[in-house]
Amino acid sequence: MQRFGTTPDPNRRYTRRPGVYAILPHAGGILTTFQAGIHNEYQLPGGGVDHGEQPLQALYREVFEETGWHITQPRVFFRFKRYVFMPDYDLWAEKICTLYTAQPVRRYAAPLEPDHCPVVLPIEGAMNRLANAGDRHAVARLFNL
């Protein structure tokens, strides 16, 4: 599996954390989420798969919580891993990231997650603004950039 980001520290223990994320083409760009607060960055909507939860359930839940949008037609597109500190959980994690392509259907509500705001970024702009190198790589691959 391809790895992005920093090299893992051999002296640190990492907790494996599966996550699901969506590339959502919309209005000539992609629907992202801007997470303010301690992160202050643009991200693909998504997040961790909870214990006992199926990946697709987590994808629908996370996209709705972070954007207020419902999605349809999710398909696995790309997988990668990265090693990061997750300050929200005070956790060093080996994140196993599964990226899906999907279609946003309709915005039903404001985001449920604090400090999240849905933002449509132009595809080229997403290449400069998405915080995660693995996400940028997948978007470039999807749109042949």
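**Charged residues and their partners in a predicted model**

Let me begin with Lys 81, which counts as partly exposed because its relative accessibility is 21%, where partly exposed is the range between buried, under 20% relative accessible area, and exposed, over 50% (1.4 Å probe, protein chains only). What you see above is a predicted model, in which local features need pLDDT of at least 70 and side-chain atom pairs count only at pLDDT 80 or more, while totals for chains, interfaces and linings use all residues. Residues are numbered from 1 along each chain as its sequence is written, and side-chain values use heavy atoms, with hydrogens and water left out.

Let me turn to the partner of Lys 81. Glu 94 forms a salt bridge with Lys 81, and the closest N and O atoms of the pair are 3.5 Å apart; a salt bridge here is a side-chain nitrogen of Lys or Arg within 4 Å of a carboxyl oxygen of Asp or Glu. Because Glu 94 lies in strand S6 and Lys 81 in strand S5, this pair ties together parts that are 13 residues apart in sequence; helices (H or I, at least four residues) and strands (E, at least two) are DSSP runs numbered from the N terminus.

Glu 94 has a further partner, since its side chain also meets that of Arg 16 in a salt bridge, at 3.3 Å from N to O. Here the two residues come from distant parts of the chain, with Arg 16 in strand S1, Glu 94 in strand S6, and their positions 78 residues apart. Are the two residues of this pair buried or exposed? Arg 16 counts as exposed, because its relative accessibility is 57%, whereas Glu 94 is buried, because its relative accessible area is 10%.

The structure holds 6 salt bridges, and another of them joins the side chains of Asp 50 and Arg 61, at 3.4 Å from N to O. Because Asp 50 lies in the loop between S4 and H1, and Arg 61 in helix H1, the pair ties together parts that are 11 residues apart in sequence. Both residues are partly exposed, Asp 50 with a relative accessible area of 37% and Arg 61 with one of 21%. The two residues also belong to a network of salt bridges, in which Asp 50, Glu 53, Arg 61, Glu 62 and Glu 65 are linked.

I would next like to look at Asp 135, which is found in helix H3. Asp 135 counts as buried, because its relative accessibility is 6%. Which residues does Asp 135 touch, not counting residues up to four places away in sequence? They are Leu 44, Phe 80, Leu 99 and Leu 130, where contact means heavy atoms within 4.5 Å. For orientation, the C-alpha atom of Asp 135 is separated by 9.8 Å from that of Arg 79, and these two residues are 56 residues apart along the chain.

My last residue is Gln 35, which lies in strand S2, the run of residues 29-35. Gln 35 counts as buried as well, because its relative accessibility is 10%. If we leave aside neighbours within four places in sequence, Gln 35 is in contact with Asn 40, Glu 41 and Gln 43, and also with Asp 88, Asp 115 and His 116.

To return to where I started, please look once more at Glu 94, a buried residue whose salt-bridge partners include Lys 81 and Arg 16.
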